[in-house]
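Here is a short report for a newcomer. Please look over the sequence and the structure, then read on.

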Amino acid sequence: MSIKLNGHLAALALALVVAAPAAAQYVPRNYEKGPVTLVQEYRIAPGKFNAFMQDFAANQRRGLEIGKKNDGILDYGVAQLITRREGDPNVVTTITFKNLTAYDRSFQRADETAVAVYGSLEKANEAAAARGAYTTLLNSRLYQGLQIK
């Protein structure tokens, strides 16, 4: 039994000796957190792409511009995939926020923006329901940018 215990202790000591130089090698961080980008992938129903773009230009863009004016949104855009496979989205939207705090706005601020764009929360909900009739959100990802020092 003591031979077995000595064998385990020897293995543990060897592991510590091998791991110690690796743990001692500190590599300094050369980056800071940067902007946060929300990427949303949609499938637009056949024949409804122009309706989506009209809505984006008339309504969604107005809300995004309010975000830019309030210094929370840096940039936004709409893109199409050039080559698609079955099941891929046919439209991607991106919104780049100044930081994670700008992305995580309060309900009050979101409601104020919706009222400024649509006139009331009821009309904003109706517009979202209409949009939902021809768009399907396939995926939504939030990326944390890293800025090299």
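The report goes from the overall fold to the aromatic rings, the charged pairs and the surface.

**Basis**

This is a predicted model, in which local features need pLDDT of at least 70 and side-chain atom pairs count only at pLDDT 80 or more, while totals for chains, interfaces and linings use all residues. Residues are numbered from 1 along each chain as its sequence is written, and side-chain values use heavy atoms, with hydrogens and water left out.

**Overall fold**

The protein has five helices and four strands. Helices (H or I, at least four residues) and strands (E, at least two) are DSSP runs, numbered from the N terminus. Along the sequence, the pattern reads α-β-α-β-β-α-α-α-β.

The protein has 149 residues, and 26% of them are buried. Buried means under 20% relative accessible area, exposed means over 50%, and partly exposed lies in between (1.4 Å probe, protein chains only). The protein exposes about 10800 Å², with 57% of that area supplied by carbon and sulfur atoms. Accessible areas come from the Shrake-Rupley method with a 1.4 Å probe; for residues, only the protein chains shown count as cover.

Contacts also describe the fold. A contact means heavy atoms within 4.5 Å. Take the contacts between residues at least 6 apart in sequence: 73% of them join residues at least 24 apart.

**Aromatic rings**

A pair of aromatic rings is described by the distance of the centres and the angle of the planes. Rings of Phe, Tyr and Trp (its six-membered ring) pair if their centres lie within 6.5 Å; planes under 30 degrees apart count as stacked, over 60 as edge-to-face and the rest as tilted. The count comes to four aromatic pairs. Tyr 42 and Phe 52 make a tilted pair, because their ring centres are 6.0 Å apart and their planes stand at 50°. This pair links distant parts of the chain, ten residues apart: Tyr 42 is in strand E1 (residues 31-44) and Phe 52 is in helix H2 (residues 49-69). Both Tyr 42 and Phe 52 are buried. Ring pairs join Tyr 42, Phe 52, Phe 56 and Tyr 76 into a cluster.

Phe 56 also meets a glycine. Gly 77 lies in strand E2 (residues 73-79). Leaving out residues up to four places away in sequence, Gly 77 touches Phe 56, Val 92, Thr 93 and Thr 94. Gly 77 and Phe 56 are 21 residues apart along the chain, and their C-alpha atoms are separated by 9.8 Å.

**Charged residues**

The whole structure holds five salt bridges. A salt bridge is a side-chain nitrogen of Lys or Arg within 4 Å of a carboxyl oxygen of Asp or Glu. The table includes three of them.

| Salt bridge | Closest N to O distance |
|---|---|
| Arg 29 and Glu 32 | 3.2 Å |
| Lys 149 and Glu 32 | 3.4 Å |
| Arg 85 and Asp 88 | 3.9 Å |

Arg 85 is exposed, with a relative accessible area of 63%. Asp 88 is buried, at 17%. Elsewhere, salt bridges that share partners join Arg 29, Glu 32 and Lys 149 into one network. How exposed are the members of this network? Arg 29 is partly exposed, with a relative accessible area of 46%. Glu 32 is partly exposed too, at 37%. The pair of Lys 149 and Glu 32 links distant parts of the chain, 117 residues apart: Lys 149 is in the segment after E4 and Glu 32 is in strand E1. Lys 149 is exposed, with a relative accessible area of 62%.

Arg 131 is another charged residue to find. Arg 131 lies in helix H5 (residues 121-132). At 16% relative accessibility, Arg 131 is buried. Neighbours within four places in sequence aside, Arg 131 is in contact with Asp 55, Gln 60 and Tyr 118.

**Around Tyr 31**

The charged end of Arg 29 sits over the ring of Tyr 31, 5.8 Å from the ring centre. A charge sits over a ring if NZ of Lys or CZ of Arg is within 6 Å of the ring centre and within 35 degrees of the ring normal.

Tyr 31 also joins Leu 146 and Ile 148 in a nonpolar surface patch, with about 320 Å² of accessible area together. Patches are made of residues with over 30% relative accessible area and no salt bridge: like charges are joined within 9 Å, nonpolar side chains (Val, Leu, Ile, Met, Phe, Trp, Tyr) within 5 Å. Leu 146 lies in strand E4 (residues 135-148). Leu 146 counts as exposed, at 53% relative accessibility.
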